[in-house]
Amino acid sequence: MQTREMSAAAVEEKRVFSGIQPSGELHLGNYLGAIKGWVERQREKVNFFCIVDLHAITVPQDPESLRRRTRSVAAMLLAAGLDPDRCTLFIQSHVSAHAEGCWLLNCVTPIGWLERMTQFKDKSAGQERVSTGLLGYPVLMAADIILYDADEVPVGVDQKQHVELARDIAARFNRLYGETFVVPEPVIPEVGARVMGLNDPAVKMSKTHSDVRGHAVGMLDDPKEIERSFKRAVTDSGNEIAFSNDPGKAGVNNLLGIYKVVTGRSKDEVERDFENARGYGDLKSRVAEVVIEELRPVRERYRRLIGDVAELDALMAVGAERAEDVSGPKLREVKDRIGLALPRMAGGG
Ligand code: TYM
């Protein structure tokens, strides 16, 4: 159960919001940078996790495959260990407060703030047509977060700038209309916040590149594919297996980072594990091995869950209801602050 009223203990607890797009196959970067941390966090915080389908349509999507992927991400998150009794898991478009809140926040967000966003610059570069939605993407993300008065937003490094913008938008609204929103903090994992492409350790592992051979490890890849991807991973011409900030050693650093997050060991312990390794070949197969074992139960649970569409849809409906219970009243408060005429509540005066 997930509202602050639920228990006295929960009142003391931090509220967490995070989201993931259903816009391609989820990969090891999503898992290590976000999902694994969400699963660990749900024991001690009040959590809202959202499948952000409205964000996905800021770039063209095939309707049927968007619907299929949205359900698939729901199954994947449950398979990875999100527990609907401990967190609120829901689909963004099921809760209309997000789109509505986005409009209200659009009206207090200067365009210049949005044009500066790195992701907007990257995604719009070279495109003939760019949707208004792509520019406004971080405002929708701000609505997601601040409508829940989230204190913490666990994300990978690539989303930090967007969470900082959500802070700016919340603070600006509070200045203009009085204290309304909690100003959220990004929470970035120390390692795993930026899992790099196996074929090119200079770029982050991403869904956009995941059709490139050897770039990403999909969360549903079978052991053979995972092994093959790691075998092909780009390293360097040396033989030293140690964490390093040297760009020339980024491939080895990435492999060690993956191993570290999966095993939960310290940097020293990881380096010690590889003291007697027989070169990079050995490193690659041992990293592949821990990743295979980490993802095996997720893949097996996923197969069971994705077969029961009715159950998945029912769980998402319950999540949406709980999310609505929190964001609905907040949205009404925001409208009231702005001076919008509030409709009469059913049964009200
Ligand atoms: P998305 O769907 O691109 O990614 C979901 C999460 O995975 C993290 N991530 C990575 N972490 C480490 N290494 C990588 N290579 C890697 N690739 C992705 C992302 O940082 C993210 O945490 N805009 C967001 C979704 C969103 C959201 C929100 C997040 C919408 N509303 C509100 C937090 C709060 C996105 O596109 O994430």
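Start with the lining of the largest pocket: its residues divide into 19 nonpolar, 21 polar and seven charged. Keep in mind that this is a predicted model.

**The pocket as a whole.** Show the pocket as a surface. Its volume is about 1,300 Å³. Now select the lining, 47 residues in total. Zoom to the centre of the pocket and label Q21, Q119, D158, Q159 and K204, which lie nearest to that point.

**The elements around it.** Switch to cartoon. Seek out the strands β1 (15–20) and β4 (152–154), each giving two or more residues to the lining. Then pick the helices that do likewise: α2 (28–41), α3 (53–56), α7 (118–124), α8 (132–146) and α9 (160–177). Which element gives the largest share of the lining? Select α2, which supplies five residues.

**The two domains.** Colour domain 1 (8–188 + 308–348) one way and domain 2 (207–303) another. Both give residues to the lining, so the largest pocket lies between them.

**The ligand.** Next, select the ligand and the 28 residues around it. Q21, Y137, D144, D158 and V195 come nearest.

Now check three contacts, each to a nitrogen atom of the ligand:

- Y137: a polar side-chain atom lies 2.6 Å away from a ligand nitrogen.
- D144: an N or O atom of the side chain is 2.7 Å from a ligand nitrogen.
- G29: here a polar backbone atom is 3.2 Å from a ligand nitrogen.

How much of the ligand does the protein bury? Taken alone, the ligand exposes 720 Å², and the protein buries 97% of that.

Technical notes: Residues numbered from 1 in each chain as written. Predicted model: local features only at pLDDT ≥ 70, side-chain atom pairs only at ≥ 80, totals over all residues. Heavy atoms only, no water. 1 Å grid on protein atoms, 1.4 Å probe; cavity = no way out; pocket = protein on both sides within 12 Å on 5 of 7 lines; lining within 4 Å. Points joined across faces, edges and corners; volume = space filled by probe spheres on them. Helix = DSSP H or I, 4+ residues; strand = E, 2+ residues; numbered from the N terminus. Nonpolar A, V, L, I, M, F, W, Y, C, P; charged D, E, K, R; others polar. Domains from an automatic or database assignment. Near = heavy atom within 4 Å. Polar contact = N/O pair within 3.5 Å; in protein donor to acceptor, adjacent residues only side chain to side chain. Areas by Shrake-Rupley, 256 points an atom, 1.4 Å probe, with all protein chains shown as cover.
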